[in-house]
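Please open the structure in your viewer and keep the selection tool at hand. The tour proceeds in stops, each with a selection to make and a description of what is found there.

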Amino acid sequence: MKVEFAPLNIPLARRLQTVAVLQWVLYFMLLGQMSIAITVMLIIHNYWFLYIPYLTWLYFDRHTPEQGGRRSSWIKNWTIWKHFKDYFPIHLIKTQDLDPSHNYIFGFHPHGILAVGAFGNFSTNYSDFKELFPGFTSYLHVLPLWFWCPAFREYMMSIGLVSVSKKSVSYVVSKEGGGNISVIVLGGAKESLDAHPGKSTLFIRQRKGFVKIALTHGVSLVPVFSFGENELFKQVDNPEGSWIRTVQDKLQKIMGFALPLFHARGVFQYNFGLMPYRKAIHTVVGRPIPVRQILHPTEEQIEELHQTYMEELTKLFEEHKGKYGIPEHETLVLK
């Protein structure tokens, strides 16, 4: 295979975009694990004056990721996020106005490999979110285990990430005065194993916890589909029933997160690496589904709203797929 190298005369703006995405990929793939490893080394070598104060702080601050986090406008305004957005580029599209006196739950689909569209649109201050949804604050929910990574957790909260636990989502959508949006990547880690270019497979049929929360608090549900999310990386072929998928599924159940075997391009060449491809992402926010508050919803009520949500999600996909490069014969697969 002939290696295709990046030309030397690439404009500075594109180089900065590459650097922005590279640091993001490395940070979220490596630094969480590195922060744990460094803490373990400090304990082994008995640097108690470093780890005891921080672990004490971590204990007393353990509930913050479930109570809206601790965001930093300064970090969310870093220019690096503008370069990150422009690399793909990432676009946010609104189909209907929302009432800022109410709270909402955004169901984000698909997860893709790294949920790039969710981060770019709802965690940085360089998307069109503030212009399209004035008066709203978005909270992107991620796996709770990341908030037990020393130091890494502080950075995650600073850019607006919070836990995806039931308590965390309930805290956001029950805040008085409205104007809060919980963004949940509903397919989660399991869905990333189906993230293949040209495919639109969602793991949604068993995800009903968000529906129960919506009913309990009377919060409208809004389906969101991010076209282009599955085109950013190529994944090793892993059909259900294959030995690779069997191992991935078992590891996902044990660890709580998936290990997709993916690749894309490199920094200085375009053939192989962990840098995502430069593929446009169009994140389309659908119409809100009104939800009447039921403090103790029955299984039938949960099932009914869940079915309505899947129907609205499918409509959103069908209405917009032609605009963003998906063939008309391609259908949404709900697992």
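Is Arg-245 buried or exposed? Select this residue in the model, which is a predicted one. Arg-245 is buried, for its relative accessible area is 3%.

**Stop 1: salt bridges around Arg-245**

Add Glu-240 to the selection. The two residues form a salt bridge, in which the closest N and O atoms are 4.0 Å apart. Glu-240, in contrast to its buried partner, counts as exposed, at 57% relative accessibility.

Next, select Asp-194 and Lys-335. These also form a salt bridge, with 3.0 Å between the closest N and O atoms. Asp-194 is in the loop between helix 9 (188–192) and strand 6 (201–202), while Lys-335 is in the segment after strand 11, so this pair ties together parts that lie 141 residues apart in sequence. Asp-194 is buried, with a relative accessible area of 13%; Lys-335 is partly exposed, at 26%.

Now move to Arg-287 and Glu-319, whose side chains meet in a salt bridge of 3.3 Å, N to O. This pair, too, links distant parts of the chain: Arg-287 belongs to the loop between strand 10 (281–285) and helix 12, Glu-319 belongs to helix 12, and the two are 32 residues apart. Arg-287 counts as partly exposed at 32% relative accessibility, and Glu-319 is partly exposed with a relative accessible area of 41%.

Finally, select Lys-190, Asp-194, Glu-240, Arg-245, Asp-249 and Lys-335 together. Salt bridges that share partners join these residues into one network. In the whole structure, a search finds 18 salt bridges.

**Stop 2: helix 12**

Select residues 299–320, which make up helix 12. This helix has 22 residues and reaches 32 Å from its first C-alpha to its last, close to the 32 Å expected at 1.5 Å a residue.

Which residues of helix 12 are buried? Among them are Ile-302, Leu-305, Tyr-309, Leu-313, Leu-316 and Phe-317; the buried set also includes His-306, Glu-312 and His-320. The buried residues cover an arc of only 165 degrees around the axis, which puts them on the same side of helix 12. Turn the view to the face directed away from this buried side, and the exposed residues Glu-300 and Glu-304 appear.

Against what do the buried residues of helix 12 pack? Their partners are strand 2 (104–109), strand 6, helix 10 (209–217), strand 7 (220–227), strand 10 and strand 11.

**Stop 3: Glu-330**

Follow the chain beyond helix 12 and select Glu-330, which is in the loop between helix 12 and strand 11 (333–334). Glu-330 is buried, yet it has no salt bridge. The nearest side chain of opposite charge is that of Lys-199, 5.9 Å away. The definition of a salt bridge requires the nitrogen and oxygen to be within 4 Å. Leaving aside residues up to four places away in sequence, Glu-330 touches Gly-198, Lys-199, Ser-200, Phe-317, Glu-318 and Lys-321.

**Stop 4: the nonpolar cores**

Select Phe-84, Phe-88, Phe-106 and Val-116. Of the 50 residues in the largest nonpolar core, these four touch the most other members. Helix 1 (residues 12–44) gives the most to this core, with five residues. Apart from this core lies another, of 30 residues, which includes Ala-214, Phe-227, Ile-294 and Leu-313.

Keep Phe-84 selected and display its surroundings. Not counting residues up to four places away in sequence, Phe-84 touches Ala-20, Val-21, Trp-24, Ile-90, Val-116, Phe-119 and Gly-120.

**Stop 5: backbone details**

Select Phe-88 and Pro-89. The peptide bond from Phe-88 to Pro-89 is cis, with omega near -5 degrees, and Pro-89 is placed in the loop between helix 4 (80–87) and strand 1 (90–94). Another cis peptide bond leads from His-109 to Pro-110, with omega near -15 degrees.

Pro-110 is in the loop between strand 2 and helix 5 (116–122), and Ala-115 lies in the loop between strand 2 and helix 5 as well. Phi of Ala-115 is near 50 degrees, a positive value in a residue other than glycine. Ala-115 is buried, with a relative accessible area of 10%.

End the tour at Ala-151, in the loop between strand 3 (137–142) and helix 7 (152–158). Although Ala-151 is not a glycine, its phi is positive, at about 70 degrees. Ala-151 counts as partly exposed, at 48% relative accessibility.

Definitions and conventions
Residues numbered from 1 in each chain as written. Predicted model: local features only at pLDDT ≥ 70, side-chain atom pairs only at ≥ 80, totals over all residues. Heavy atoms only, no water. Helix = DSSP H or I, 4+ residues; strand = E, 2+ residues; numbered from the N terminus. Buried < 20%, exposed > 50% of the residue type's maximum accessible area, 1.4 Å probe, protein only. Lys, Arg positive; Asp, Glu negative; His and termini not counted. Contact = heavy atoms within 4.5 Å. Core = buried A, V, L, I, M, F, W, Y, C linked by side-chain atoms within 4.5 Å. Expected span 1.5 Å × (residues − 1). Arc of directions from axis to C-beta.
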